Every structure is written in structure tokens, then in C-alpha cells.
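Reader: I'm new to this structure and would like a close look at one part of it. Could you take me through the buried interior, and then show me how the rest fits around that?

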Amino acid sequence: MKYRICILLAVLLTWPVSLLAATRAWLEQPQVTLGQAVTLNVETDAVSATPDLTPLLRDFEVEGQSDSRSVRLVNGRMSASTTFSLTLRPRRAGTLAIPALQVGSERTAPLTLEVGATATARAAANGLVFVETEVDDPNPYVQQSVGVTVRLYYATPLVSGQLDLDPPDGALLQRVGEIVQSSREIDGRRYSTAERRFLLVPERSGALTLPGARFQGRGAGGWMDDLLGGNSRVVDITGAPRTLQVRAQPAGAPQPWLPVRDLRMRYTAVPQQLRTGEAGTLTVETTVVGATQAQLPELPAPSIPGAQVFAEPPQFDERFAGGTPQVTLTRRYSVVPSQAGTLVVPGTAMAWWDVRAGAARRATLPDLTLPVVVGTGAPSSMPFAGAAGAAATPSGGAGDDILLGGERRVPPHLWPWLAAGFALLWLTTLLWGLTRRAGASPAPRTRVRASAGAPAIAPATHTAADLKRALDAGGLDDIEDVLRGMARPAAADLDDLHRRLASSSQRTAVELLRRARWAGGDAAQARAALREAFRGGPRWQAAEPGEVEEPLPPLYPR
């Protein structure tokens, strides 16, 4: 009896934990053919935890790995999770087991994958070179993106060649990416492989014949072929064609028509709090399996009452995973609330057609409720004093005022007199300024003498050591700054510096610097001339003590 009670308690304790387990794994495709890659997704909410991929290496090759972080808001509670997307390529055909993976302190549930050998590979396994064509969906819908992989197998060295696929009638065919090299074993023989991927979009329903892939190239051959003049090194093969049955668009399908395998939306960044007058960033990520960027409709900006929304340009990430096109759309929105309180951000929705289940789906994001506080420097909303306090005094005679919100309003009949007074004052000021200007004597050139109480000239901001460092490792702009800073006071520009130097060699070096900076001159020549001319420091022209000659009269006379 005691043993049974312990078992029951253990089950009761572990059962809620299993329901709340936040680590799970799933496959994008439960069945593939040999040579086709598959995507395994692992999601966890453990911080800084990564899955242990060691158990997968026995039956799979891990060709790629990416991760993304998402934020969810459920019943007012915010949680974050990380999804790892693993691109696996089976090593053999049959039923392969994907064992439980350790992620932090949790483990995923085991999965199974059916891997079938392709008919082309089995039929041509005895050959040294053959090609095959693989599609990710033999029964697509109209305007559905179909991933096509053309694969070349060769067990003999090749020195050159061209692998290509002709476009079929009634569909668009586009080459995607570059050739991918790999190797695999078929019926005990090791083959090198070259893969080229295409994107096929059917334009009408019915049977669609995809031509066989073509390879034209040359093998390495042997010395006997060169001696006898044979052409056995020429390789020219064509694979078997494929026939696809294209399904028409179902009646009542959601519009715009978007036939894909999967579509998921999530928040990847949500502000914890907003401030009035300040922008908070909200990021939405949409992942679509079985589509390209050109097929996705525009994701509209949410309409939020009480806030302005500014949408940034969307960012796209297109790739092939398991022979199927995938695209990830990231859209950032800047939300600027106008008043404090609570801001409700309505969730975005997108309708799509599930090509695997043949049913309409709708991906939605939950509504967000965000607190808004008064921002720094934002005007706080204060009640109007006159609206709730004093009532307007009944309008009386011409001399009556109305007190509203503590401010005295000017009676309407005084406005014409005030306007006339301001105009008369402006005319008086204008006449006074013209009279004073006419009476002033022109001064084409003035001399400003420093009085005994005038401040001393500011010291130089740079030294000869600074100039040496700039000439050795600085740019031309750094050299100019140091030279101008060595003057007392600092030179305004190169023209001012050139005018104040007494040495002709130094002025020539400054002129070379000016040409190197602005007229396409030789920078190395200018640097060498400056190093030689300023070896002993700059030599300035002698000026009359306390006197600075100004070529123009002062802008504001004393």
C-alpha cells in the first residue's frame, strides 16, 4: 500500500510539470526523400540554453543553425522564448529516430522521420554520373511557390560542366542561390553531389510537366584518351522529367491569395512602458514557409487611438530550408503616445491558405496593454482654470473686462488704437536709424589698438610635438588643425595661416597642403614639404605691438 501511494504522489507531482514544460521540438516535414534536407525546430524559454546536437550526428548531417527570440503576452504576463532552427540532411533511407535533445535542464520529446530513397537514385546507382530533379510539393496550388532541387551525382572526377533546368510551359522558373557541393553514399558507392535550387510558380491549374535536368561537361579522362584521340571525357546526360498536378484556387479562399505551408507571427520586442511624447519601439516578426518576399502582402501599421505610429521599412530574410523557400519579415513600429494612462495596441492579423491541410487559416497577434507615464519635458495636461472655476461675467458696456483663467482680456475696441501706436513707434525707429547712418563717416580701413586693460592674446593650442605626431600618423585635416592651432591667436583657415607666415618655404608647404586637400594634389609631397619646412617650428611675421589691421570697417561701430 505504501509503494502504491508513493507512485501516485510521484505521478501527481510530475504531471503538472510536464504540462508546463516550455521546451518542445517539431519537424517542418514528417517525410522526406534521401538527399533532401529537413528543418527541426527546438523552442525553449530557458535563458542562455542551447540544444545538445550530439545525438543527431549518427543519422544526420547538421548543415545549418539559426536562432530567433520572441516575446509573448498571455493573460497580462509577458514571457520570452528562443527558437532554434536546425537544417538536417539524413545520411540513410528508412525510419530515422530523432532522439530527445537536452536543452538546459529540460529534454525534448523524441520524434521520427521517414526517409525514402528516390527512384532516380535507385535506378542509376550503378552509373558513375546521373542527375535527378526533386520538388517539395508534387500537388501545388496555383501561384504557390514550389522549391525545385536539381542534383548531380558523380563518382568520377569532373573538370567542367553546366547543370541547368529549362522552364516549363505555364509556370515561372527562377534560379536561386549558387551551386552547393556535398557528398553521400548510395548502395555502397560514394558520390560527390552538386545541387542547384530553383523556384517554380505555376500560373494555371492542371498537369504541369517539368523537363528533366541537363548536365553537359567533361570528365578527367585518362592518358589513353589523349593518345588515341577519343572523346570519352565528354559527359552529356538528361534526367527524367517530373509531372506536377496543379490545383486551382478554392472557392471562398481568403484574399489576398497566399498559399503557403506555414505562417507564424510574433512580437520580438515589446516596450515595458511608454512615455508621452517619446517613441517606443514595437517589433513584429512574420515567418512564412513556402513563399518568397514578392508574394507577401504588405503588413499594415496598427491604428492605435491616442498615439502616433511610424512604420520603418520592412526587412526581409529569404532562404531555402529543406528544399523549401522561407522568408522572414521583420517590421518595426515607433509608437508615440499623446497622453498618460493605458494604451491598447490592437493585434495584427494575416489570412493565408494552408496547402498541406487544404484549409483557410488566420495568424493573429494578441492585443497589448501598455502603461503610459508622463515623459521628460512633455507638457502635462492641466485643467483650464476658467472652465471649472469662474463663470463668465455678463457682457456689459464698452469698458467691461472679462476675467477668464486669471488673465485679463483686452477689450475689443482698444485694438485699433494699439495697432496705430505700434505703427507710429516703428516709423520713428526707422527714421532715427536712417538719420544716424547718413551722419556716420565712412571708414574704409580701421586700426584697432589694444588698450592697457585689454585681455592678453590666447596661448597656442598646439605645439611642435603635436605637429610631428600629425605628420607621422595623422591625416591632412589633422595636420591643418595643428598648424592653425600653433598660431597666436589660432588661424581661422589655411588662407589666414598662409598670410601670417614669414618663411617662403613654409608658405609653399602650406600651399601644397591646400592643393592636396582640395585640388587633388600629391599628399605625400605635401607631407614631405611640411616636415622639411617646419622642422624648426613656424616663423611668424612681425606685427606692430598691440595693433591688428582690419581690411573692412567694423560691422557694429562703437
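Author: Here is a walk through the interior, followed by a few spots elsewhere along the chain.

Before we dive in, keep in mind that this is a predicted model. The protein has 558 residues, and 36% of them count as buried. Its secondary structure comes to 10 helices and 33 strands. If you take the contacts between residues at least 6 apart in sequence, 68% of them join residues at least 24 apart. On the outside, the accessible surface adds up to about 33,200 Å², with 56% of that belonging to carbon and sulfur atoms.

Now for the part you asked about. The largest nonpolar core has 28 residues, and the ones touching the most other members are Leu-263 and Met-265. Several strands chip in with at least two residues each: strand 20 (262-269), strand 22 (280-289), strand 25 (324-337), strand 26 (341-345), strand 27 (349-354) and strand 29 (368-373). The biggest giver is strand 25, which puts in 4 residues. As background, nonpolar side chains in soluble globular proteins tend to be buried together.

Met-265 is a good place to zoom in. Skip its neighbours within four places in sequence, and you find Met-265 in contact with Val-284, Glu-285, Thr-286, Leu-299, Thr-348, Met-350, Ala-363 and Leu-365. There is also a second core, separate from that one, with 22 residues; among them are Val-150, Phe-198, Ala-213 and Phe-215.

Rings are the next thing to look for. The structure holds 6 aromatic pairs. One of them joins Phe-130 and Tyr-191, edge-to-face, with 5.4 Å from centre to centre and 75° between the planes. Phe-130 belongs to strand 10 (residues 129-135) and Tyr-191 to strand 14 (residues 189-202), so this pair ties together parts that sit 61 residues apart in sequence. Both Phe-130 and Tyr-191 are buried.

Tyr-191 has another ring partner. Tyr-153 and Tyr-191 also make an edge-to-face pair, this one at 6.1 Å centre to centre with 85° between the planes. Again distant parts of the chain are linked: Tyr-153 is in strand 11 (residues 146-154) and Tyr-191 in strand 14, 38 residues apart. How buried are these two? Tyr-153 has 1% relative accessibility, so it counts as buried, and Tyr-191 is buried with a relative accessible area of 0%. Put the ring pairs together and you get a cluster of Phe-130, Tyr-153 and Tyr-191.

Buried residues turn up in a helix as well. In helix 7 (residues 476-485), 7 of the 10 residues are buried, so the helix is largely enclosed by the rest of the structure. The buried ones are Leu-476, Ile-479, Glu-480, Val-482, Leu-483, Arg-484 and Gly-485. Glu-480 and Arg-484 are on that list too, in case you were expecting just greasy names.

For contrast, head out to the surface. Leu-414, Trp-415, Trp-417, Leu-418 and Phe-422 form a nonpolar patch there, with about 630 Å² of accessible area together. Leu-418 sits in helix 5 (residues 415-439). Because its relative accessibility is 38%, Leu-418 counts as partly exposed.

Another partly exposed residue is Glu-61, with a relative accessible area of 25%. You'll find Glu-61 in strand 4 (residues 60-74). Leaving out residues up to four places away in sequence, Glu-61 touches Thr-87, Leu-88, Arg-89, Arg-91 and Ser-183. The C-alpha atoms of Glu-61 and Ala-37 are separated by 9.1 Å, and these two residues are 24 apart along the chain.

Finally, some backbone details in the loops. The peptide bond from Gln-255 to Pro-256 is cis, with omega near 0°, and Pro-256 lies in the loop between strand 18 (242-246) and strand 19 (259-260). Arg-488 and Pro-489 are joined by a cis peptide bond too, where omega is about -5°. Pro-489 is in the loop between helix 7 and helix 8 (494-500), which takes you back to the enclosed helix from before. Then there's Gln-143, whose phi is near 65°, a positive value in a residue other than glycine. Gln-143 sits in the loop between strand 10 and strand 11, and with a relative accessible area of 41% it is partly exposed.

How values were computed. Residues numbered from 1 in each chain as written. Predicted model: local features only at pLDDT ≥ 70, side-chain atom pairs only at ≥ 80, totals over all residues. Heavy atoms only, no water. Core = buried A, V, L, I, M, F, W, Y, C linked by side-chain atoms within 4.5 Å. Buried < 20%, exposed > 50% of the residue type's maximum accessible area, 1.4 Å probe, protein only. Contact = heavy atoms within 4.5 Å. Phe/Tyr/Trp six-rings, centres within 6.5 Å; stacked < 30°, edge-to-face > 60°. Patch = residues over 30% accessible without salt bridge, like charges linked within 9 Å, V, L, I, M, F, W, Y side chains within 5 Å. Areas by Shrake-Rupley, 256 points an atom, 1.4 Å probe, with all protein chains shown as cover. Salt bridge = Lys/Arg side-chain N within 4 Å of Asp/Glu carboxyl O.
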